[in-house]
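User: I am new to this structure and would like to understand how its descriptions are justified. Could you take me through the reasoning one term at a time?

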Amino acid sequence: MKEIMTMLLAGTVLHAAELKVECDRPAATYSCGGKVVFSAEATVNGEPVKEGKMNMILTLDNYREVDRQSVEIRDGAAELSYVAREPTFVWCRAELENDASGNYGLASAAFEPEHIRQGFPEPADFDRFWAQGQAEAEAGELDLQLEYAADFADTQRDAWRLEFAAPGGGRLYGMLTIPKGEGNFPAMVMVPGAGPSRYVPDFHIDGVINLYINVHDYRPVADPEPAAGLYDALNASGSYMHRGADARENIYFRRVWLGVDLLLRRFLAGHPKFNGRLGAIGISQGGGAALALAALNPMIGRVLANKPVMCDHGAILQGRNPGWPHYAVYTPAPDILEVSSYYEMANFARRIKVPATVIIGYVDTACYPGGVYAAVNNLKSALGTVIPEPGVGHEWGPHFEEEVKNFKEFLLP
């Protein structure tokens with residue numbers, strides 16, 4: 001039987017290997033000094049692998065390796081345990097030994113995540129830096145232009161494609177929708193997730209004013225091929241998210257956050273259809289923007305951030321993975337930790353004075369859970385709500401829809 005299994009694992013069918021890794025507790029949460037037991041199972045072409053070996057690698061937030069074992073599969077599973085003494089996330093990556101398919105399974109265990117702290121300190125002039133940025137933005141022209149978007153309007157809403165001047169140069173583009181009918185309405189603001197600009201929003205809340213703002217300095221188009229060309233041209237000299245990391249004034253997202261903040265202050269605040277109730281919402285790149293905007297703009301009264309970016313850039317100093325865009329990993333600038341600290345969600349979180357809900361994926365390889373906890377742990381305890389999602393990666397996830405309902409209840413009480 002072992003000979004047959006070895007042939008199976010080494011043969012061409014291995015591309016069909018599927019692996020599942022789980023913690024011994026469904027909530028995947030442990031006290032420091034406690035023990036997690038990871039269990040890994042594999043199937044090949046739908047049949048469970050009952051014998052052989054599993055390579056199981058344990059890391060701190062998928063970064064610093066703390067253990068590696070070749071474990072016998074017994075009764076269809078391989079097990080490996082670990083005891084963490086300090087607050088962190090311990091990840092387990094499992095692969096079939098002699099499997100050339102590259103397939104693997106992931107799970108992570110949280111050890112007192114509410115006590116994880118950011119790896120790099122807050123700069124002393126954090127507030128002054130952003131106040132100066134806002135003052136510079138206020139001194140400039142908004143130059144807002146609106147074009148009616150009949151393709152996105154319907155019987156319930158009017159829609160406009162908008163563009164306006166971004167602080168520091170260039171323009172920002174997006175969509176404005178306003179419910180039809182008499183009276184005024186609450187509003188939501190959203191920046192999309194990372195990637196190309198969206199010609200039409202990939203998220204919308206009916207019954208409220210929607211401001212959906214892309215981060216890039218090009219006008220979105222509907223045709224997929226030209227749209228891809230615009231995005232490729234944007235990244236021709238390097239990925240946009242790492243651009244400008246040589247200096248704090250040049251980080252790509254400065255113009256975005258300051259620009260959206262200015263749009264809210266100068267356009268939305270005085271709009272006759274706006275009733276004064278505003279929420280910020282987003283996933284990934286948009287989740288980080290929602291947190292930053294809530295810290296910068298007192299108009300915002302509620303935040304929903306799903307797997308937010310830019311959390312704990314300094315996690316690498318604690319042996320953990322930093323959050324997207326992983327400046328400390330991919331950016332060679334010698335002072336990148338200092339520069340990125342001005343764009344650190346853990347620092348913005350201290351300044352949020354309204355209820356904020358943050359959803360955290362425990363196997364998120366873009367916005368690592370330890371880093372997101374380092375940020376949300378700086379929220380005032382009475383205002384922060386954490387929604388953990390064990391086994392969930394960088395995706396909308398199972399709780400977002402329900403939390404959107406709660407967000408809407410704030411907008412439409």
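User: What makes Glu401 and Glu409 of H10 count as buried or exposed?

Analyst: In this predicted model, Glu401 and Glu409 are exposed and sit on the other side of H10 from its buried residues; the word exposed applies because relative accessible area has to be over 50% for it.

User: Which residues of H10 are buried, and how do you know that they line one face of the helix?

Analyst: The buried residues are Phe400, Glu403, Val404, Phe407, Phe410 and Leu411, the term being reserved for residues under 20% relative accessible area. Viewed down the axis of H10, these buried residues fall within an arc of 110°, and therefore they line one face. An α-helix has 3.6 residues a turn, so residues three or four places apart point the same way. The elements covering the buried residues of H10 include S13, S15, S16, S17 and S18.

User: How do you know that the span of H10 agrees with what is expected?

Analyst: Helix H10 covers residues 400-411, and at 1.5 Å a residue its 12 residues should span 16 Å; because its end C-alpha atoms are 16 Å apart, the two values agree.

User: Why are S10 and S18 called edge strands?

Analyst: The open sheet has 9 strands in the order S10-S11-S12-S14-S13-S15-S16-S17-S18, with mixed pairing. Strand S10 (145-148) and strand S18 (384-389) are its edge strands because each pairs on one side only, where pairing requires at least two bridges between two strands.

User: What makes S11 and S12 a pair?

Analyst: Strand S11 (residues 157-165) and strand S12 (residues 171-179) are joined in the antiparallel sense over 9 bridges, and at least two are required, so they pair. Phenylalanine 164, for instance, has leucine 172 in S12 as its bridge partner.

Methods. Residues numbered from 1 in each chain as written. Predicted model: local features only at pLDDT ≥ 70, side-chain atom pairs only at ≥ 80, totals over all residues. Heavy atoms only, no water. Helix = DSSP H or I, 4+ residues; strand = E, 2+ residues; numbered from the N terminus. Expected span 1.5 Å × (residues − 1). Buried < 20%, exposed > 50% of the residue type's maximum accessible area, 1.4 Å probe, protein only. Arc of directions from axis to C-beta. Contact = heavy atoms within 4.5 Å.
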